[in-house]
Amino acid sequence: MPTGQSEASVTPPTAPSDGGAVGDRAPAAEAPATSEAAAASGATAASEARQDADDASDTRRRVDNAAETEPLLRVTGLKKYFPIYGGLFRRQIGSVYAVDGVDFDVQRGETFALVGESGCGKTTLGRSLLRLTEPTAGKIMFGGQDISALSQDELRPVRRRMQIIFQDPFGSLNPRMPVSDIIGEGLLAQGVKDRKKRDKKVEDSLEIVGLRRDYTRRYPHEFSGGQRQRIGIARALALDPEFVVCDEPVSALDVSIQSQVLNLLVDLRRDFNLTYLFISHNLSVIQYFSDRVAVMYLGKIVEVGTVERLYKNARHPYTVALLSAIPEADPRRRKKRLVLKGDVPSPAAPPSGCRFHTRCWLREKLGNPERCSTEEPLLRVLETGHTSACHFAEDVSEQAVSQVVATQSVVETAVADPV
């Protein structure tokens, strides 16, 4: 090294670069440009990252909105036929068309009611939704999942989210089992093996429905009808379900107890954000308890609408007849009822066309049009906002009903005489 030249002043050779020779230095003016380019690149990357985050947020928001608007339960073309066997070799000779092509949706958090005469298929429909009765055909979408094609093992975790309250508070409880085992049986089937956890959950469920925690060791025969129904409700709530089928839960109870159980169900829906399918033939209970109503007749849904629209402006002749049967609370008011003629046809041999045409007062008033007996009406949206399966729904009015009632004989018309 030459004298007077320090090690710090020695410039080591640099690696070759495009357009430069070995040992060349980058111009001093290029350093700020490189810094600005790096800053611009970083800003671009940050902007792209923010854009990606915004896009992901929008996607999540759309998914959340879709989940909120998508119905919890969607039923399409549901059918349930029971075979009829006969003859020497017990061959199938026919079918009972209990549920025959039903379509409806149930939104999250609402109470959707099914109403109709006994034998119209309400209970069969409710049990088919839970796969307690295997449907013959159709699709059941629950929470976006098709549960109609699941095996029993695949269906087990789904059953935790959907439960049922049975109609008979006496026959639905095993008389040989204490309350702790009746309510805890579902928990055990869902994998809750710890006895202490099960007992704690059972006691909590009893307390929620208004029963004492120390009732766990008692047997069903030690309770009244209303208490037994509360036990049935506690059993349904033990698994923290989202959807509950209420199969006429108050029809076997005294009137005073009915109001208590109904108020309990209303409170539970509010507190636990439950969704109900409420099955009943009591139109007064439906009006008090439900958000929307579907009217069934002989395995078919003939009208669907909100409680306000359907009760004030029914557009199917069968629904009008059902509403006219509601008794007046004031005995001094004169009540004329629209009485249906004839018997309900057999579900094993339903009529062609409209299934109600054999008893329809509107068809008789219009001169028995042939369309009613040859063409099956489909559910269609009316100007009132709800749907009806009647070819002549627009002809249903209070004036038409009054004219039909006026032509009925005294024997046919149910009259409440004033006090």
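Start by selecting Tyr215. In this predicted model, Tyr215 counts as buried, because its relative accessibility is 10% and the cut-off for buried is under 20%. Now add Phe223. Phe223 is buried too, with a relative accessible area of 6%.

Show both side chains. A pair of aromatic rings is described by the distance of the centres and the angle of the planes. The whole structure has nine aromatic pairs. One of them is Tyr215 with Phe223: the ring centres lie 5.4 Å apart and the planes stand at 70°, so this pair is edge-to-face. The angle is what decides it, because planes over 60 degrees apart count as edge-to-face.

**More rings**

Select Tyr276, Phe278 and Phe289 together. These three residues form one aromatic cluster. Then go to Phe82 and Lys80. The charged end of Lys80 sits over the Phe82 ring, at 5.0 Å from the ring centre.

**The four-stranded sheet**

Switch to cartoon view. Find the open sheet with strand order E2-E1-E4-E5 and antiparallel pairing. Which strands stand at the edges? Colour E2 (91-106) and E5 (145-146): each has a single partner strand, so one side of each lacks a neighbour in the sheet.

Now select E1 (residues 73-86) and E4 (residues 137-142). They run antiparallel and are joined by five bridges. To see one partnership, pick Thr76: its bridge partner in E4 is Lys139.

Stay in E1 and click Gly77, which belongs to this strand. Gly77 counts as partly exposed, because its relative accessibility is 25%, which falls between the 20% and 50% cut-offs. Draw a distance from Gly77 to Val99. The two residues are 22 apart along the chain, and their C-alpha atoms are separated by 9.6 Å.

**Two residues with positive phi**

Select Arg131. Look in the loop between helix H2 (122-129) and E4. Arg131 is not a glycine, yet its phi is positive, at about 65°. Is Arg131 buried or exposed? Arg131 counts as buried, because its relative accessibility is 7%.

Next, select Asn273. This residue lies in the loop between helix H7 (255-272) and strand E8 (275-280). Asn273 also has a positive phi, near 55°, in a residue other than glycine. Its surroundings read the other way: Asn273 counts as exposed, because its relative accessibility is 58% and exposed means over 50%.

**The eight-stranded sheet**

Zoom out to the open sheet of eight strands. The order is E6-E7-E8-E3-E9-E10-E12-E11, and the pairing is mixed. Mark E6 and E11 (380-381) as the edge strands, each of which pairs on one side only.

Begin at E6 (residues 162-165) and show its side chains. Both faces of E6 are covered. Met162 and Ile164 are buried on one side, and Gln163 and Ile165 are buried on the other. Add E7 (residues 243-247). E6 and E7 pair in the parallel sense over four bridges. For Met162, the bridge partner in E7 is Phe243.

Move along to E9 and E10 (residues 300-306). This pairing is antiparallel and runs over six bridges. Pick Val293 and look across: Gly305 in E10 stands opposite.

**The cavities**

Keep Val293 selected and turn to the interior space. How many cavities of 30 Å³ or more does the structure hold? There are two.

Take the second largest cavity, which has about 30 Å³ of space. Its lining is Val115, Leu283, Val293, Val295, Leu310, Tyr311, Thr319, Leu322 and Leu323. Strand E9 (292-297), helix H9 (307-312) and helix H10 (317-324) each give two or more residues to this lining. H10 gives the largest share, three residues. By class, the lining has eight nonpolar residues, one polar and no charged.

Finish at the largest cavity, with about 90 Å³ of space. Of its 13 lining residues, select the closest to the centre: Pro317, Cys354, Cys360, Cys372 and Cys390. The lining of the largest cavity divides into nine nonpolar, three polar and one charged residue.

Notes
Residues are numbered from 1 along each chain as its sequence is written. This is a predicted model: local features need pLDDT of at least 70, side-chain atom pairs count only at pLDDT 80 or more; totals for chains, interfaces and linings use all residues. Side-chain values use heavy atoms; hydrogens and water are left out. On a 1 Å grid over the protein atoms alone, a cavity is a set of points where a 1.4 Å probe fits but cannot get out, and a pocket is an open set with protein on both sides within 12 Å along at least five of seven lines; lining residues have an atom within 4 Å of a point. Grid points are joined across faces, edges and corners, and a volume is the space filled by probe spheres set on the points. Ala, Val, Leu, Ile, Met, Phe, Trp, Tyr, Cys and Pro count as nonpolar, Asp, Glu, Lys and Arg as charged, and the others, Gly among them, as polar. Rings of Phe, Tyr and Trp (its six-membered ring) pair if their centres lie within 6.5 Å; planes under 30 degrees apart count as stacked, over 60 as edge-to-face and the rest as tilted. Buried means under 20% relative accessible area, exposed over 50%, partly exposed in between (1.4 Å probe, protein chains only). A charge sits over a ring if NZ of Lys or CZ of Arg is within 6 Å of the ring centre and within 35 degrees of the ring normal. Two strands pair if DSSP finds at least two bridges between them.
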